[in-house]
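Visitor: I would like to walk through this one with the model open beside me. Could we put it up and begin?

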Amino acid sequence: YTSTTPTPVSTVSRYACQRRTTTKNNNKIFTDAFEVLAESHEFNDMEGPCLAFRRAASVLKSLPWTVQNLRVTEDLPCLGEHTMCVIKEILQHGRSFEVEKILSNERYQILKLFTSVFGVGPKTAEKWYRRGLRSFSDVLAEPGIHLNRMQQSGFLHYGDISRAVSKAEAQALGNIIDEAVRAITPDAVLTLTGGFRRGKDFGHDVDFIVTTPQLGKEERLLTSVIDRLKQQGILLYCEYQASTFDESKLPNHRFEAMDHFAKCFLILRLEDSQVEGGLQTAEENRRSWRAVRVDLVSPPVDRYAFTLLGWSGSRFERDLRRFARMERRMLLDNHALYDKTKKEFLAATTEKDIFTHLGLEYIEPWQRNA
Ligand code: ATP
Ligand code: MN
Ligand code: MN
């Protein structure tokens, strides 16, 4: 046993919420391959292997060093036989033939293309594929295909919303939302969340949480914000979901379960002049604006910490729920934390409170890129 192992790998937890993962990925060559494999299994409705590849990718993302031989991976958690084979292939040949085979597979390519449209999930993509549709023009020309409102705007703004959103653009949207929120409720609190809160330089959308110090005052806030954005002529698409939150219900640990707070999924029109340094692509497009996806969620202030933690996203948040359930007999979701042993809800005003309840070391948002 030579001393080439950079850190004692035995200390890597199998829960992402016990690992620190920055945006610097030292093992991108492996994690990109795992993501293709995960996605391909997702397209084939194989949840188990899909999750296994995502967990393996998450472990490698947390390492402050690059995997250079198979031996160092032996002490790492969540790496099964299949993932080890892929790592071995990449170490030996610089690439994985299994992954390349998937990438050149027509069905994979088409499902990937279809699911890149806002509002189109794997099920719809699969349905279109089985009908023999192979391109966007096939879909749009096919008689009897009904596109919902979300998918219609997905196609309409496809170019813009499939282009990454920059930090400067996120900042500009923050100013716009902040102004709208403040015009309605001056003491409202607006927080940037999602990938940008984790310190990412680019995102597929911009996520915000908005709440009011006065409990209950948040209830009508989102609809007023939406009305205002509409009046300003910058609302290109809006799906609003009213709150169905019931505080007597126990938290639901299933990560597929979305939260019940009032929220909206938007497409906004962002002007070049509103962005510091300008829109990234304004010049080549010769357009003075772009469409951007924005999500807003509005929890009551006493649930703010849970929502912030949940909406900060990534595998980190999913593993927090799993950790709570498996290791602490607690149920965590975006609304609350419930202790099954004590049979009581545990209150929190900050994210730190939640980590403390769970007996976990606090991990900063920028270390949650699991
Ligand atoms: P990206 O930079 O690609 O946007 P992200 O981490 O911000 O990455 P999102 O898809 O924006 O990814 O999701 C961020 C978080 O928002 C998720 O982890 C989830 O908790 C929350 N979220 C997203 N959609 C919903 C929804 N429909 N209901 C409840 N929560 C949601
Ligand atoms: Mn996001
Ligand atoms: Mn989002």
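Visitor: How many aromatic pairs does a search of the whole structure find?
Guide: A word on the basis: this is a predicted model, in which local features need pLDDT of at least 70 and side-chain atom pairs count only at pLDDT 80 or more, while totals for chains, interfaces and linings use all residues; side-chain values use heavy atoms, leaving out hydrogens and water. Residues are numbered from 1 along each chain as its sequence is written, and chains are lettered from A and ligands numbered from 1 in the order in which they are written. Rings of Phe, Tyr and Trp (its six-membered ring) pair if their centres lie within 6.5 Å; planes under 30 degrees apart count as stacked, over 60 as edge-to-face and the rest as tilted. The search of the whole structure gives a number of aromatic pairs equal to 13.

Visitor: Phenylalanine 43 and tyrosine 108 form such a pair; what is the angle between the planes?
Guide: Their rings lie 5.8 Å apart, centre to centre. The pair is classed as tilted, and the angle between its planes is 55 degrees.

Visitor: How many residues apart in sequence are the parts that this pair ties together?
Guide: Helices here are DSSP runs of H or I with at least four residues, strands are runs of E with at least two, and both are numbered from the N terminus. Phenylalanine 43 is buried at 9% relative accessibility, and tyrosine 108 is buried at 7% (buried means under 20% relative accessible area, exposed over 50%, partly exposed in between, with a 1.4 Å probe and protein chains only). Phenylalanine 43 sits in helix α1 and tyrosine 108 in helix α5, so the separation in sequence of the parts they tie together is 65 residues.

Visitor: Which residues form one aromatic cluster?
Guide: One member, phenylalanine 114, lies in helix α5 and has a relative accessible area of 0%. Leaving aside neighbours within four places in sequence, its contacts (heavy atoms within 4.5 Å) include Trp128 and Phe136. The full cluster is made up of Phe114, Trp128, Phe136, Phe155 and Tyr158.

Visitor: What distance separates the C-alpha atoms of phenylalanine 114 and alanine 125?
Guide: Alanine 125 is among the residues in contact with phenylalanine 114. The two are 11 residues apart along the chain, and their C-alpha atoms are separated by 5.4 Å.

Visitor: Which helices do the buried residues of α6 pack against?
Guide: Helix α6 covers residues 122-130, and its buried residues are Thr124, Ala125, Glu126, Trp128 and Tyr129. After α6 comes glycine 132, with a positive phi near 90 degrees. The packing partners of the buried residues of α6 are α1 (28-43), α5 (106-115), α7 (136-141) and α8 (149-156).

Visitor: What is the strand order of the open sheet of five strands?
Guide: Two strands pair if DSSP finds at least two bridges between them. The edge strands, pairing on one side only, are β2 (189-193) and β5 (235-241). With mixed pairing, the open sheet has the order β2-β4-β7-β6-β5.

Visitor: What is the bridge partner of leucine 268 in β7?
Guide: Strand β6 (residues 262-271) and β7 run antiparallel, joined by 10 bridges. In β7, leucine 268 finds its bridge partner in valine 292.

Visitor: Which residues coordinate the manganese ion (ligand 3)?
Guide: Donors are N, O and S atoms within 2.8 Å of the metal (3.2 Å for Na, K and Ca), and water is not among the atoms, so sites may look incomplete. The donors of this ion follow the spacing D-x1-D-x87-D along the chain, and they sit at 2.1 to 2.2 Å. The manganese ion (ligand 3) is coordinated through OD atoms of Asp205, Asp207 and Asp295.

Visitor: Are aspartate 207 and aspartate 295 buried or exposed?
Guide: Aspartate 207 has 8% relative accessibility, and aspartate 295 has 7%. Both figures fall under the 20% limit, so aspartate 207 and aspartate 295 count as buried.

Visitor: Which residue bridges the manganese ion (ligand 3) and the manganese ion (ligand 2)?
Guide: The manganese ion (ligand 2) is coordinated by Asp205 and Asp207 at 2.0 to 2.1 Å. The two ions lie 3.6 Å apart, and the residue that coordinates both is aspartate 205.
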